[in-house]
Amino acid sequence: MRALMNRILWLAISWICVAGCVSHAPKQTDAQLQRFEFQKPEMGLPFRIVLYAPDEKKANEAAAAAFQRIGQLNDIMSDYDEESELTLLSKTAGQGKAVKVSDDLWRVLDRAQQLAKESDGAFDITVGPVVQLWRKARREQKLPDRENLAIARAAVGFKNLQLDQKLHTAELLVSRMKLDLGAIAKGYANDEAMKVLRSHGVTRALVTGGGDMAAGDPPPGKKGWRIELAPLDVPNAPPTNFVMIANQGLATSGDLFQHVEIDGTRYSHIVDPRTGIGLTDHSLVVVIARDGMTADGLSTTLSVIGGEKGRRIVEGHHAEARMVRNVSDRVEIFETVGFKKYLQDK
Ligand code: ADP
Ligand code: MG
């Protein structure tokens, strides 16, 4: 759930559409809409809302309600908060307890487990114990201790998280298990914030949380929201790209900002749950999907398994993806067939 302030800089968003992207004459009501922008830290991330509303009062009300919803989701899904529903659930690990979970938590757990199955455990929200060791490694600039890593790994495995589809209960079968929704919860929060905006009659909006986003209807007179994607920070990487999205989610994953460098090796905050080790190949993934939660989960998955192995999973979710990876000083680009249709001229 934690990410970085810098991400906003990395994934800058431009509202100014290039000439030629006007799809239709503005509707009568569009002429009365004004652009408003809001920003607030939530979930340890800068969340940002850009919306079009007829007046300031309507804009403020809608944005406040959307931020409140994000705060509510943080209270449920944070793994930093000792009192969150997620933390309390993790504390029941190994106690033989099936715990009834809230509808929000259920939706995210259920989706996460689906993705874990599809990816054969490359995406795994039970990765908490290992992620905690890597957070410590980042703070101390020191690799996790072998023994501690082995203990942590023994408590990782999505098959040890049992969900009951009828009762909406979750059970953590092994003691010391710890759930971490960092790879999927902000996508869900963006989607839910967007729903709240819609319920306030605001449909032309974009919600961004730490660089991941949920886009609603386009700005008045435009075909979509124009998003700038920065390049991977290696020589010969493809340059900055722009994509155009509407009523979709977009997510990015990579080791650009959250990593630790020890003895010349850069370890990402994304770990391979099967080894317990932070990813060491520099990569940058962008996923465009039907919603933010799908995009968020898929982008982390691709970081772990790579584009080729992830192609079927991405296609199964009707999503499009691009992955730029630096493999032994060579830049590899993977792109699904449909990704190009979102690309824009500079
Ligand atoms: P970001 O937070 O930078 O947007 P991601 O969406 O890829 O990036 O999420 C990364 C976070 O997900 C990590 O900080 C960690 O909390 C968690 N995580 C790390 N590795 C995995 C994994 N293999 N599967 C699921 N979650 C992971
Ligand atoms: Mg993710």
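What follows is a chat about a predicted model with two ligands, ligand 1 and a magnesium ion.

Student: Before we start, what kind of model is this, and how is it numbered?
Tutor: This is a predicted model, where local features need pLDDT of at least 70 and side-chain atom pairs count only at pLDDT 80 or more, while totals for chains, interfaces and linings use all residues. Residues are numbered from 1 along each chain as its sequence is written, chains are lettered from A and ligands numbered from 1 in the order in which they are written, and side-chain values use heavy atoms, with hydrogens and water left out.

Student: OK, ligand 1. Which residues come nearest?
Tutor: D180, S253, H269, V271 and T300, out of 20 residues around ligand 1. A residue counts as near if one of its heavy atoms lies within 4 Å of the molecule.

Student: Which polar atoms does ligand 1 meet on D180 and H269?
Tutor: An N or O atom in the D180 side chain sits 2.7 Å from an oxygen atom of ligand 1. For H269 there is a side-chain N or O atom 2.9 Å from an oxygen atom of ligand 1. A polar contact here is a pair of N or O atoms within 3.5 Å.

Student: And what about A122?
Tutor: That one uses the backbone: a polar backbone atom of A122 is 3.0 Å from a nitrogen atom of ligand 1.

Student: How much of ligand 1 does the protein bury?
Tutor: 98% of the 570 Å² that ligand 1 exposes when taken alone. Those areas come from the Shrake-Rupley method with a 1.4 Å probe.

Student: Which elements build the shell around it?
Tutor: β11 (248-254) and α8 (292-305) each give two or more residues, and α8 gives the most, with three. Helices (H or I, at least four residues) and strands (E, at least two) are DSSP runs, numbered from the N terminus.

Student: What's the chemical mix of that shell?
Tutor: Nine nonpolar, five polar and six charged residues. Ala, Val, Leu, Ile, Met, Phe, Trp, Tyr, Cys and Pro count as nonpolar, Asp, Glu, Lys and Arg as charged, and the others, Gly among them, as polar.

Student: Which domains does the shell draw on?
Tutor: At least three residues come from each of domain 1 (2-75 + 190-344) and domain 2 (77-172), with bounds from an automatic or database domain assignment.

Student: Switching to the magnesium ion. What holds it?
Tutor: The protein donors are A183 (O), D296 (O), D296 (OD) and T300 (OG1), lying 2.1 to 2.6 Å from the ion. Donors are N, O and S atoms within 2.8 Å of the metal (3.2 Å for Na, K and Ca), and water is not among the atoms, so sites may look incomplete.

Student: How are those donors spaced along the chain?
Tutor: As A-x112-D-x3-T. D296 and T300 both lie in helix α8, four residues apart, about one turn of the helix.

Student: Are D296 and T300 buried or exposed?
Tutor: Both are buried, meaning under 20% relative accessible area; exposed is over 50%, and partly exposed is in between (1.4 Å probe, protein chains only).

Student: Last topic: what's phi at R176 and H318?
Tutor: Near 70° for R176 and near 55° for H318. Both values are positive, in residues other than glycine. Most residues other than glycine have a negative phi.

Student: Where do they sit, then?
Tutor: R176 is in the loop between β6 (169-172) and α7 (185-199), and is exposed at 62% relative accessible area. H318 is in the loop between α9 (307-316) and β17 (320-327), and counts as exposed too, at 68%.

Key: Polar contact = N/O pair within 3.5 Å; in protein donor to acceptor, adjacent residues only side chain to side chain.
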